[in-house]
Amino acid sequence: MTVRWGLIGASTIAKQYMIAAIRNQPDGEVAAVMSSSPERAAAYAKENGIPTAFSSLPDLLAADIDAVYISTTNELHLEQALAAAKAGKHVLCEKPLALNTADARRIVAACKQAGVVMGTNHHLRNAGAHRAMREAIAAGRIGKPVAARVFHSVYLPEHLQGWRITKPQAGGGVVLDITVHDADTLRFVLADDPVEISAFTQSAGMAGAGLEDGAMCVWRFKSGVIAQSHEGFTTKYAHTGFEVHGTEGSLFAKDVMTQKPVGSVTLRTAKGEEELTFDREDLYTRSLKAFHAAIRGEGRPSATGEDGVWSLCCAEAALESARTGRAVKIEPGI
Ligand code: NDP
């Protein structure tokens with residue numbers, strides 16, 4: 001059976017990655033797109049070979065589609081996801097799921113009640129590099145994990161220097177944009193949950209009033225692992241990376257906090273250094289594959305709705321910590 005997708009949002013991420021990822025599935029079809037502007041909807045549909053364009057959510061939801069992919073600006077995810085669930089459509093929603101954890105929980109509950117599959121598009125757990133790290137840790141190759149470091153400060157490309165740095169009401173800022181991904185990737189790789197976070201944020205010249213374009217966070221996990229993460233929009237020449245240090249070894253991943261299946265992972269132990277091999281499958285295609293399987297009743301999406309609640313809760317706690325100067329407990333309530 002074909003899964004007919006409706007895109008909610010004529011976005012960059014859909015155009016760059018998700019339309020192709022859907023079409024890479026043997027049973028995936030991009031049936032329609034919805035934009036708030038009829039002209040943009042029509043132009044986007046034409047440019048991307050999508051047969052139907054809508055400028056109203058009820059019209060899209062009344063169309064012959066099975067699932068929606070929501071990639072509008074962040075303040076719109078809540079009402080669109082609730083409406084899609086009510087219409088019986090499966091929901092793959094971009095991060096952050098909403099502007100606060102309570103609203104994210106509402107989306108998850110609505111999807112559960114409607115009996116539809118719900119996923120959060122945290123792409124990084126689909127990366128071969130992160131799966132190789134998770135497997136190495138689970139296999140005991142670094143002994144007991146002690147600490148982790150995430151380097152995820154990038155340069156926001158000019159074509160994306162819009163609502164992320166100008167609109168607090170749209171859920172802009174680097175914490176809702178990137179710290180959510182670091183939260184999810186740390187949880188996934190360590191197979192552990194964070195309990196507390198402390199953060200400093202900055203405005204280093206790109207973000208406008210009320211928004212941060214850099215953050216440094218310190219995390220404590222249930223197991224006792226401590227971690228640090230750096231998220232930014234303003235560092236043009238920084239590498240990305242991820243390190244996990246254990247009692248018997250360390251993992252060094254370079255250039256892996258990215259949308260592409262690139263980078264390297266090195267394991268360093270008493271025996272020396274070993275380059276880990278991993279698959280280079282497109283991250284978004286793999287995410288869609290798991291989502292389609294979940295629709296068939298086989299397994300779960302790579303990142304579930306609950307994972308999206310977790311990541312948003314971490315980001316919300318980081319923002320509260322930066323505001324108050326205190327460490328904040330992470331309590332997603334799920
Ligand atoms: P965009 O700015 O490209 O798109 C967001 C919305 O802005 C669109 O829905 C569209 O509204 C409007 N828009 C886009 N381009 C124009 C334009 N030229 N003129 C007027 N309006 C425009 O955002 P992104 O694609 O970067 O991000 C969308 C969502 O996806 C966010 O939630 C973000 O956090 C997430 N994201 C996730 C990534 C991941 O890897 N998981 C990576 C990047 C983003 P309309 O639909 O009404 O036309």
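D177 is where I'll start: in this predicted model, its relative accessibility is 11%, so the residue counts as buried, the cut-off being under 20%. Its partner is K95, and the two side chains form a salt bridge with an N to O distance of 3.1 Å. K95 sits in the loop between β5 (90-93) and α5 (101-114), while D177 belongs to helix α8 (residues 174-190). That puts them 82 residues apart, so this pair links distant parts of the chain. K95 is buried as well, at 9% relative accessibility.

Next, K329 and E196. Their side chains also meet in a salt bridge, at 3.8 Å from N to O. Again distant parts of the chain are linked: K329 lies in strand β15 (residues 328-329) and E196 in strand β8 (residues 194-202), 133 residues apart. Buried or exposed, then, for K329? K329 has 54% relative accessibility and counts as exposed. E196, with a relative accessible area of 22%, is partly exposed.

The third pair is R296 with E298, a salt bridge of 3.2 Å, N to O. R296 comes out partly exposed at 48% relative accessibility, and E298 is partly exposed too, at 45%.

Now beyond single pairs. Which residues are linked in a network of salt bridges? They are R125, D184, R187, D193, K222 and D307.

As for the total, a search of the whole structure gives 22 salt bridges. The ones I went through include K95 with D177, K329 with E196, and R296 with E298.

Methods: Residues numbered from 1 in each chain as written. Predicted model: local features only at pLDDT ≥ 70, side-chain atom pairs only at ≥ 80, totals over all residues. Heavy atoms only, no water. Salt bridge = Lys/Arg side-chain N within 4 Å of Asp/Glu carboxyl O. Helix = DSSP H or I, 4+ residues; strand = E, 2+ residues; numbered from the N terminus. Buried < 20%, exposed > 50% of the residue type's maximum accessible area, 1.4 Å probe, protein only.
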